[in-house]
Amino acid sequence: MFNLCKILFSGLGTTLVIFAITLVLSIPLGIIVAILRNSKNIIISKITALYILIIRGTPMVLQIIFVYFAPYYMFKLSMDRFIAIIIAFVVNYTAYFSEIFRSGINSIPKGQTEAAYTLGLNKFQIYMYIILPQVVKKILPATSNEVISLVKTTSLAQIIGISEMFSLAQKQANYLFSITPLLLAGAYYLVLVGIISIIFNLTEKKLDYYN
Amino acid sequence: MKEILKVENVCKYYGKEKVLNDISFSLNEGETLCIIGPSGSGKSTLLRCINNLEKIDNGTVKIDENYLIKDGKYSDKEVIKKINMNTRMVFQDFNLFPHISVLENITFAQEKVLKRSKEEAKEIAIKMLKKIGLEEKKEMYPCNLSGGQKQRVAIARCLAMDSKLLCMDEPTSALDPELVGEVLKVIKELSNENKTMIIVTHEIAFAREVADKIIFMDNGQIIESGKEVIDNPKNERTKEFLKRFNYNKGEKKMNIENIEPKEVFKYFKQISDIPRNSANEKNIRDYIVEFAKKRGLSYYTDEYYNVIVTKPADEEYKEYDTLAFQAHLDMVCEKTTTSTHDFTKDPISLIVEEDYIRADNTTLGADNGAGVSLMLALLDSNIKMPKLECIFTVQEETTMIGVKEIDINKISAKRIISLDCGKEGKMIISSANCMEWYGKINIEYDKKVQLEDYYIYNLEYSNFRGGHSGGNIADVTRGNPIKLGAQVLNEIDKVKIIDISSSGKVNVIPREFKVQFAVEKNSFDVSKIEDILLKQRENFNNENIVFEKVKNIDKNLKVMDSDVSERVIKFMYDFNNGALNFDSEKNQILSANLGAVNIVDNYIRIDYSLRSNNTKLKQDYLEKLKEQVKENKLEIIWSQELYGFEPDYNSNLVKYVSDLYKKNNNKKIEKIITQGVLEGGFFKKRMENVDYIAIGPNTFDVHSPRERLSISSMERMWNLVKEIVQIDFNK
């Protein structure tokens, strides 16, 4: 059993790296896409809308396979598995995050921007110091949903042969003819999600000082 | 004198509609300009254009040395940035930044825009806060301030940013009337210090006092300007507008029938002439029947004097669903001690003061006369509309017999809009289900008691604030003296109650509670309860809490036995009192009130009530309550249920009326879940699949002789109602 824990634990590293890199990249990208999607320039806003439509409208499995294999079939370039999975995840999650951020940004009353403008703040300052801090509070619940789903979705990385935790668990299950490794993997996910939930709850509490 | 602002031939269109039509004026340094005029006349738009929050289509605006726009051509970014540094704006709805403190709200832009150091910005901010008298609030967040305080902070925020021109867009319109004064005081001081300002306002008296120059606008045009606009208006439209504010020269008491919207106030005056206290609605009913007959409208009326008047659909609206409006005919009759008014026969005399109508030392009856007159005006208007049913109910303020008994088969509409909300900008989408009980516990006396073995104590709570069991119960600082008393009694073993009484009724939070009890000398430990009393006194230091030993004991005193006493105490102690549950929007949706405990004949009578806007929560509570009743052998003597209705966020009625309001007012209507009991609960209970909401114009201090109705709000409500009847709810 201890051995099993150790094996899965080694896969947990990969899971966490995919999770962390995706999060670190897709959140800022999501903000940028959200702002572009809101842009007054119709072309920019339509292009981002199309991007979001495609990403949300096709299965993630397909996107992963596409990122990994398409360069090979099109240009005879072979992709590094890990880079491919990161690209696929970031592109996918950026789309989802951007819609959450956009709903958050749009929920801030127009008067906030107007007041900030008449005080002389420029666009960047208005977004950075007035809008986004308020957006954070509004989007926390929706974001926590998305982050939690990301933890579990990392298991899709096995499609292109990356041995993250769940794929190791499956292998062990086959090897041992037992369901225990899968249940153990489930427990690992549960703990991770638990930790994330606690972090989000704490943050939500911390932002409770105003409404 | 230096010219700070020059506006020339400014025009602006929304589509084809010209919202600003050839506006020209100028403003010198140190001057205060007030812009007045009816809603929708373009005043705010003009101000927003000057602040570059909206674009102008043609004309010239020059601020200080720089052109914002010259002959229809905007200057380049750098120049506009300079202009942006020279104008500041105060908004109707404050727009403070909610996530940073009051102090940071004022220092923030100073640091980021003017590049002042932290210390300098703070120093200036504190100076400004002192000026507006809010220095002690500097660490607070905007959500903890009242509206008036928020607006003062917003002004301080602009002042700290040194600008040549300060614009204020209806700075007091979003405030409750009692908070307007503090903001006007601050603005007046600024005017005295010769700050250059443009103020768009509806406070005519204020404008007259502070302005160096006044502009009257209507329909996107400047109709009249100068110093004398208010005191000596030349133009008919100006005179007409000012009449409403009682500022028409020589005409001190304004005739209400001349106030816009005339078609509504005509009826308000007529119904005010008819006495209509609850249960005395025959005359007003006859008036409405007469009204219907004269116009050939069909009507239905019953022995309770409810009336339903039906207006057939116009040709173009034949396909639309029938729509119903509803208001109650009766009014609360209250007067000041000096008034000689006789509510059974005297007409209500109406007094116009600025934007308000009030009565002469009596209630006004705007609750719900405002709704009745809006409905009459609708029935009388020649606006094309679908089939309309106007439901006039009776005795809403007392027994609600009208809505309980009205023949619902006579109502074919599936959507009912009540006009009994009383606050513009709010829409009631749910009212409370209210259950009330009184139960009794029979008294049995303990005849074996030897009084000399006992101490006798008085425990008295008085001077508590009480309040309405629906509206005030969430305010824990009010406290419930019965619950506090029970907390103490529960700590004492073998209490024997001698006397028990409280103030109040089933639906009122009690203000007093008194109990006299006996305890055995050898088993009583006073220290235990003194701790509790100490804490209670800390929490309620303005109220009186007395605990004292009775010295001269009457030998014939009768003492209740322990079992009875303990059952009473346990019930009071276990009763789950107060605001108990809130929805995600922090609306109170479950509350219970222990209203009174008294000795009547040979039993102890306990009155309590429960209000809920959610059936599931109600059921859960009732189950627990049932157990408590059973456990303490309470005999329920009387109970009644007043029906409520739950919010329906998916209803088309809620959605379309909200959308319309948003379109007209540029802000969302606030959806209210009230813990009060409304007629809507009965309509919803008795009729299948009916949608019900309540809206209405602003009224203040209803049910008291200070009751007032806002004229401008009535006008906006009339405009809204006229548009509501045009909505196709099926689309």
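The following paragraphs describe selected features of chains A and B in a predicted model.

Chain A is built from helices, of which there are eight, and it has zero strands. Its order along the sequence is accordingly written α-α-α-α-α-α-α-α. Of the 211 residues in chain A, 30% are buried. Among the contacts in chain A with a separation of 6 or more, 74% join residues that stand 24 or more positions apart.

The two chains touch each other through 19 residues of chain B and 16 residues of chain A. On the side of chain B that touches chain A, at least two residues come from each of α2 (77-86), β7 (87-90) and α3. The strand β7(B) gives the most to this side, with three residues. By character, the residues that chain B brings to the contact are 11 nonpolar, five polar and three charged.

Helix α3 of chain B, which spans residues 102-112, also packs against another helix of chain B, namely α5 (residues 147-159). The two axes lie 8 Å apart and meet at an angle of about 25°. Because angles under 35 degrees count as roughly parallel, α3(B) is described as roughly parallel to α5(B). Their crossing is right-handed. From α3(B), the residues in the contact are B:Val102, B:Asn105 and B:Ile106, and from α5(B) they are B:Val153, B:Ala156 and B:Arg157. Four of these residues are nonpolar, one is polar and one is charged.

Turning to the strands of chain B, residue B:Leu20 is placed in β2 (residues 17-28). This residue counts as buried because 27 C-beta neighbours lie inside 10 Å, where 20 or more suffice. Beyond its neighbours within four places in sequence, B:Leu20 is in contact with B:Val10, B:Cys11, B:Lys12, B:Gly42, B:Thr45, B:Leu46 and B:Gly220. One of these partners, B:Leu46, is 26 residues away in sequence, while the C-alpha atoms of B:Leu20 and B:Leu46 are 7.2 Å apart in space.

Strand β16 of chain B covers residues 356-359 and has buried residues on both of its faces. B:Tyr356 and B:Arg358 point one way, whereas B:Ile357 and B:Ala359 point the other way. This strand pairs with β15 (residues 350-353) in the antiparallel sense over four bridges, and B:Glu353 stands opposite B:Tyr356. Together, β15(B) and β16(B) form a hairpin with two residues between them. In the turn of this hairpin, B:Glu354 has a positive phi of about 45°. The strand β16(B) also pairs with β34(B), in the antiparallel sense and over three bridges. In that pairing, B:Tyr356 stands opposite B:Ser710.

A parallel pairing is found between β19(B) and strand β31 (residues 670-673) of chain B, again with four bridges. Within this pair, B:Ser430 has B:Ile673 of β31(B) as its bridge partner. Strand β19, which comprises residues 426-430 of chain B, is mostly covered, as four of its five residues are buried.

Several features of the backbone were also noted. Most residues other than glycine have a negative phi, and most peptide bonds are trans. Against this background, the bond from B:Glu260 to B:Pro261 is cis, with omega near -5°. B:Pro261 belongs to the loop between α8 (236-243) and α9 (262-272) of chain B. A cis peptide bond also joins B:Asp367 to B:Asn368, with omega near 10°. Here the second residue, B:Asn368, is located in helix α11 (residues 366-380) of chain B.

Positive phi values occur in residues other than glycine at B:Gln395, where phi is near 50°, and at B:His703, where phi is near 70°. Both residues lie in loops: B:Gln395 is between β17 (388-393) and α12 (401-405) of chain B, and B:His703 is between β33 (699-700) and β34 (708-710) of chain B. Are these two residues buried, or partly exposed? B:Gln395 has 23 C-beta neighbours inside 10 Å and therefore counts as buried. B:His703 has 13 other C-beta atoms within 10 Å, so this residue is partly exposed.

Conventions
Residues are numbered from 1 along each chain as its sequence is written. Chains are lettered from A and ligands numbered from 1 in the order in which they are written. This is a predicted model: local features need pLDDT of at least 70, side-chain atom pairs count only at pLDDT 80 or more; totals for chains, interfaces and linings use all residues. A residue is buried if 20 or more other C-beta atoms lie within 10 Å of its own, exposed if 12 or fewer, and partly exposed in between; C-beta atoms are placed from the backbone. Two residues are in contact if their C-beta atoms, placed from the backbone, lie within 7 Å. Axes are lines fitted to C-alpha atoms, for helices over the stretch in contact, and angles run from 0 to 180 degrees between N-to-C directions. Angles under 35 degrees count as roughly parallel, over 145 as roughly antiparallel, 65 to 115 as roughly perpendicular and the rest as oblique. A crossing is left-handed if the near helix is turned anticlockwise from the far one by less than a right angle, and right-handed if clockwise. Ala, Val, Leu, Ile, Met, Phe, Trp, Tyr, Cys and Pro count as nonpolar, Asp, Glu, Lys and Arg as charged, and the others, Gly among them, as polar. Two strands pair if DSSP finds at least two bridges between them.
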